[in-house]
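Welcome, and thanks for taking a look at this protein with us. Below is a short tour, with the strands coming before the helices.

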Amino acid sequence: MVAAGCASGEPDHSHHRHHSMTAEDAARLRGVATTYLGLLSGGDPTTAWNMWTTDAQRRDPREAFVDRLAHCEPGVPYEVLGVVSDGPDLARVAWRHGERTGEHLLRLHDGQWRVDPADTTTCGAP
């Protein structure tokens, strides 16, 4: 078992509960996060949007997302800083993109981890 540490860097963790996860689960979550962030930095927002939860896709339609990211310069890599399990079907991913840091959620839906962006995604903020 892997004890999940807080990826957010926040001193107050009362807003979520950490759960332990297996090394395999941690690797799977990190893989999903790395793939998603790689698509953003590689200039493929359409495929990245396809990884979102249904609710996130309803909130932010594909065309609007792709248009918003069309002026972003691809190539600045994202770094996954940490992945924290907040339950059997919820995880938080902390990331760095250049000088910016942030967080997004992963939600398990029908056996597949889907991205649930915390806010509207713009250049440098998934």
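## Strands β1, β2 and β3

Let's begin with a pairing between two strands: Tyr78 has His97 in β2 as its bridge partner. This and everything that follows comes from a predicted model, so please read it in that light. Tyr78 belongs to strand β1, which covers residues 78-87, while strand β2 covers residues 90-97. The two strands run antiparallel and are joined by eight bridges. A hairpin of two residues leads from β1 to β2. Further along the pairing, Val84 has Arg92 as its bridge partner in β2.

On to the next neighbour, strand β3, which covers residues 100-109. Here too the strands are antiparallel, with eight bridges joining β2 to β3. You have already met His97 as the partner of Tyr78; in β3, the residue opposite His97 is Arg100. Two residues separate β2 from β3 in their hairpin, and Gly98 in that turn has a positive phi of about 65°.

## How covered are the strands?

How many of the ten residues of β1 are buried? Eight of them are, so β1 is largely enclosed by the rest of the structure. Strand β2 is mostly covered as well, with seven of its eight residues buried.

## Aromatic pairs

If you enjoy looking at rings, there are three aromatic pairs to find. In one of them, the ring centres of Tyr78 and Trp95 are 5.7 Å apart and the planes meet at 75°; planes over 60 degrees apart count as edge-to-face, so this pair is edge-to-face. The pair links distant parts of the chain, since Tyr78 lies in β1 and Trp95 in β2, 17 residues apart. Tyr78 and Trp95 are both buried.

Elsewhere, Trp49, Trp52 and Phe65 come together in one aromatic cluster.

## Salt bridges

The structure contains nine salt bridges, and a good place to start is helix α1, which covers residues 23-41. There, the side chains of Glu24 and Arg28 form a salt bridge with an N to O distance of 2.8 Å. Glu24 and Arg28 are four residues apart in the helix, so about one helical turn separates them. Arg28 also meets Asp25 in a salt bridge, at 3.0 Å from N to O. Asp25 and Arg28 are three residues apart in α1, again about one turn of the helix.

Are these side chains buried or exposed? Glu24 is exposed, at a relative accessible area of 56%. Arg28 is partly exposed at 38%, and Asp25 is partly exposed too, with 31% relative accessibility. Through shared partners, salt bridges join Glu24, Asp25 and Arg28 into one network.

A salt bridge in another setting connects the side chains of Asp86 and Arg92, with 2.5 Å between N and O. Both Asp86 and Arg92 are buried. Arg92 is also the residue in β2 that serves as bridge partner of Val84.

## The nonpolar core

In soluble globular proteins, nonpolar side chains tend to be buried together. Here, the largest nonpolar core has 25 residues. Those with the most contacts inside this core are Leu29, Tyr36, Leu37, Leu40, Trp52 and Leu106. At least two core residues come from each of α1, α2 (45-50), α4, β1, β2 and β4. Helix α1 gives the most, with seven residues.

Trp52 is worth finding on your screen, as it is listed among the residues with the most contacts inside the core and also belongs to the aromatic cluster with Trp49 and Phe65.

## Confidence in the model

The protein has a mean pLDDT of 81, and 77% of its residues reach 70 or more. Which elements have the lowest and the highest mean pLDDT? Helix α4 (residues 62-69) has the lowest, at 89, and strand β4 (residues 112-117) the highest, at 95.

Residues 1-16 are a stretch to view with care: their pLDDT stays under 50. For these residues the model has 33 contacts beyond four places in sequence.

Key: Residues numbered from 1 in each chain as written. Predicted model: local features only at pLDDT ≥ 70, side-chain atom pairs only at ≥ 80, totals over all residues. Heavy atoms only, no water. Phe/Tyr/Trp six-rings, centres within 6.5 Å; stacked < 30°, edge-to-face > 60°. Buried < 20%, exposed > 50% of the residue type's maximum accessible area, 1.4 Å probe, protein only. Pairing = 2+ DSSP bridges. pLDDT = per-residue confidence, 0-100. Contact = heavy atoms within 4.5 Å. Salt bridge = Lys/Arg side-chain N within 4 Å of Asp/Glu carboxyl O. Core = buried A, V, L, I, M, F, W, Y, C linked by side-chain atoms within 4.5 Å.
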